[in-house]
Amino acid sequence: MNDEIRVLAHVQKEIQKTRLEQQEFLAADRASSYEEYKKVCGVIRGLNLADQIINDLVQRLEKE
């Protein structure tokens, strides 16, 4: 595994950790308002998108 892929794997691990924290926050019904709920959902959506972009990049790097 080259250095770039190793770095990206670390970033993905951090994304997954943060996404899980946000999901647990919602699952515990800790959002104090609908606005906060929507904000956390947006964070999760953004993390999912970032994760997918990194997955695509790793696949391209592995083909090189």
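Let me start at a loop: Asp29 sits in the stretch that links H1 and H2. Before I go on, please keep in mind that this is a predicted model. Now, what is special about the backbone of Asp29? Its phi angle is near 60°, which is a positive value in a residue other than glycine. Is Asp29 buried or exposed? With a relative accessible area of 66%, Asp29 is exposed, and the cut-off for that word is over 50%.

Asp29 has company in this loop. Ser33 also has its place between H1 and H2. At 35% relative accessibility, Ser33 counts as partly exposed. If you would like a sense of distance, take Ser33 together with Asn2: they are 31 residues apart along the chain, and their C-alpha atoms are separated by 45 Å.

Now let's turn to the helices on either side of the loop. H1 covers residues 3–27, and H2 covers residues 34–63. How do the two run relative to each other? Their axes come within 9 Å and cross at roughly 160°. An angle over 145 degrees counts as roughly antiparallel, and H1 and H2 are therefore roughly antiparallel to each other. What is in the contact of H1 with H2, class by class? Here we find 17 nonpolar, seven polar and five charged residues. As for handedness, the crossing of H1 and H2 is left-handed.

Next, the nonpolar core. How many residues are in the largest one? There are seven: Ile5, Leu8, Ile15, Leu47, Ile54, Val58 and Leu61. If you have the structure open, do pick these out one by one. The elements giving two or more residues to this core are H1 and H2. H2 provides the largest share, with four residues.

One of those core residues, Leu8, takes us to a pairing across the chain. Asn55 and Leu8 are 47 residues apart along the chain, while their C-alpha atoms are separated by 8.6 Å. Asn55 itself lies in helix H2. At 29% relative accessibility, Asn55 counts as partly exposed.

Let's stay on H2 for another residue. Gln52 lies in this helix and, at 41% relative accessibility, counts as partly exposed. Gln52 and Gly42 are ten residues apart in sequence, and from C-alpha to C-alpha they are 15 Å apart in space.

I have kept the aromatic rings for the end. How many aromatic pairs does a search of the whole structure find? The search finds one. Its partners are Tyr34 and Tyr37, whose ring centres are 6.1 Å from each other, with 20° between the planes. Planes under 30 degrees apart count as stacked, so this pair is stacked. Where do the two tyrosines sit along the helix? Both are in H2, three residues apart, which means that they are separated by about one helical turn. And how accessible are they? Tyr34 counts as exposed, at 58% relative accessibility, whereas Tyr37, at 39%, counts as partly exposed.

So that was the tour. To recap, we began in the loop with the exposed Asp29 and its positive phi. We then looked at the roughly antiparallel H1 and H2, went through the seven residues of the largest nonpolar core, and ended on the stacked pair of Tyr34 and Tyr37. Thanks for listening, everyone!

How values were computed: Residues numbered from 1 in each chain as written. Predicted model: local features only at pLDDT ≥ 70, side-chain atom pairs only at ≥ 80, totals over all residues. Heavy atoms only, no water. Phe/Tyr/Trp six-rings, centres within 6.5 Å; stacked < 30°, edge-to-face > 60°. Buried < 20%, exposed > 50% of the residue type's maximum accessible area, 1.4 Å probe, protein only. Axes fitted to C-alpha atoms, helices over the stretch in contact; angles between N-to-C directions. Parallel < 35°, antiparallel > 145°, perpendicular 65-115°, else oblique. Left-handed = near helix turned anticlockwise from the far one by under 90°. Nonpolar A, V, L, I, M, F, W, Y, C, P; charged D, E, K, R; others polar. Core = buried A, V, L, I, M, F, W, Y, C linked by side-chain atoms within 4.5 Å.
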